[in-house]
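Here's a quick look at charged pairs and a greasy spot on the outside of a protein. Have the structure open while you read.

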Amino acid sequence: QYTRLYIGGTWHDALSGRTYTTEDPATGAPIAAVAEARAEDVDLAVIAAREAFDGGPWRRISEAERGALLRRVAELILEHRDELATLEAIDSGKPIHETLNVDIPLAAETFQYFAGWYSKITGSTIPLGPRYLQYTVREPLGVCALIAPWNFPLLLAARKLAPALIAGNTTVLKPAPETPLSSLRLAAIFEEAGFPPGVVNVVPGLGAYAGEALVSHPGIDKIAITGSIKTGQAVMRAAAQNITKLSLELSGKSPNIIMADADIDRAVRGVIGGIFYNKGEICTAGSRLFVQDPVYDEVVDKLRARAQRISQRQGDVLDPDTRLGPQVSERFLKRALRYVDYGTQEGATLVSGGARAHPLGPGVGYFLEPTIFAGVTNDMRIAREEIFGPLLSVLRFNRIDEAIAQGNNLLYGLAAGVWTADLRVAHKAARELQAGTVWVNCYNVFDAATPHGGVKRSGFGRENGYAAIEEYTHIKSVIADVG
């Protein structure tokens, strides 16, 4: 039902009449023909957003009303939870166990959280002596181009939309071409919630056309994107033309460190979740596991056993018992399989998985067995390059300084983890690991109040928390002569 462009509060076919087909990665079957936005459609969306920002009712709505609208969106997301969870599962290949219990509730929580910021986006007064009164205010930036990825389509759209809107901006959202359906359904939720026309616009399309047109558009005041390093570099070049404010959440190759004194069973459970959750298609995936020498063999054995159990729960994404779905597309399955070959060729030991899986029948879907390599060294490609699949590299170390040094010896810096009973070691690692987030005795724990983002080539800028409000506002200084 929701497969057209949403621009200016109405549903449109693409001006060119073009559509593209989104498919179910569990079966390869087509789901829907979706309108494909091109430059002319993007231009209409930016114009609608500009009109809503400059002179539309959005400028006259109070901060409290904005908060109430965001709370209503959160309520409607939960009311349509089953529908959204199903859409997300069949469009992205995520098991419905995850979409129903993680993605959709967290998306609602994000809107609820930022709804509460309506009264807290404040400035300050600065003393300049008796003659002058100086104060600052935080103001919205204008029209925000928001580009969401395919691995968490609804949740990461929410993380961009909620702070942008509560700060008073208007938005143009481009979902990933592989997974547009939940974002288009979300557009209908904004409509139902009572948002004025033009405040939220959704334009699905291909990056080479809709994406490029959006990030290079002179009417855009802010770009926020989650994507690969290559995509981030292209967006930076486009943004440079117009000096557009930019935030990037990019790739990761996160180190996860197990000390010999850790609770090994708890650590292994955390590691498994850190790499196989969402079939490894998560930027913070703990894909490099550093294990201290005395417990290395024990950890590898326990990881192998758990991976084998998970492989038995691979299959239909709408089955509540499924824990590992397919890769999002055949391209990403083939990419992961190439890295299996690289690992074998470079001398790592395959201890689990490594092949295409066929839980729904021969050749059906883009499934990869949960894969673990032991005997990995930090110079191997599987230890240095982001794979975006359920493939874990296990490395050996002796001293914590060695693990930290190897963990930092990459261009990425999105996340990291450390498992230990020693408080001093935990905080040493948290201080010295070069990452935007460090988890201690846990992994992939997220909350709408916790700033999230990377360092080095994993990007800059933050989502979630007050840090996100700062990303979607600027500070104006006012100085008045009152002497």
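What follows covers salt bridges and then a nonpolar surface patch. Keep in mind that this is a predicted model.

**Salt bridges**

The structure has 25 salt bridges. Three of them are set out here, with the N to O distance for each.

| Pair | N to O distance | Accessibility of each partner |
|---|---|---|
| Arg-138 and Glu-470 | 3.8 Å | Arg-138 18%, Glu-470 35% |
| Arg-399 and Asp-401 | 3.7 Å | Arg-399 52%, Asp-401 36% |
| Asp-422 and Arg-424 | 3.7 Å | Asp-422 22%, Arg-424 70% |

Let's start with the salt bridge between Arg-138 and Glu-470. Arg-138 sits in strand S6 (residues 132–140) and Glu-470 in helix H15 (residues 465–471), so this pair ties together parts that lie 332 residues apart in sequence. Arg-138 is buried, because its relative accessible area of 18% falls under the 20% cut-off. Glu-470, at 35%, is partly exposed.

Now for Arg-399, which pairs with Asp-401. Arg-399 counts as exposed, while Asp-401 is partly exposed. Both also belong to a salt-bridge network that takes in Lys-428, Arg-431 and Glu-432.

As for Asp-422 and its partner Arg-424, Asp-422 is partly exposed and Arg-424 is exposed.

**The nonpolar patch**

Which residues make the nonpolar surface patch of about 270 Å²? They are Leu-15, Leu-44 and Ile-47. Ile-47 belongs to helix H1, which covers residues 39–54. With a relative accessible area of 39%, Ile-47 is partly exposed, and that puts Ile-47 over the 30% needed for a patch residue.

How values were computed. Residues numbered from 1 in each chain as written. Predicted model: local features only at pLDDT ≥ 70, side-chain atom pairs only at ≥ 80, totals over all residues. Heavy atoms only, no water. Patch = residues over 30% accessible without salt bridge, like charges linked within 9 Å, V, L, I, M, F, W, Y side chains within 5 Å. Areas by Shrake-Rupley, 256 points an atom, 1.4 Å probe, with all protein chains shown as cover. Salt bridge = Lys/Arg side-chain N within 4 Å of Asp/Glu carboxyl O. Helix = DSSP H or I, 4+ residues; strand = E, 2+ residues; numbered from the N terminus. Buried < 20%, exposed > 50% of the residue type's maximum accessible area, 1.4 Å probe, protein only.
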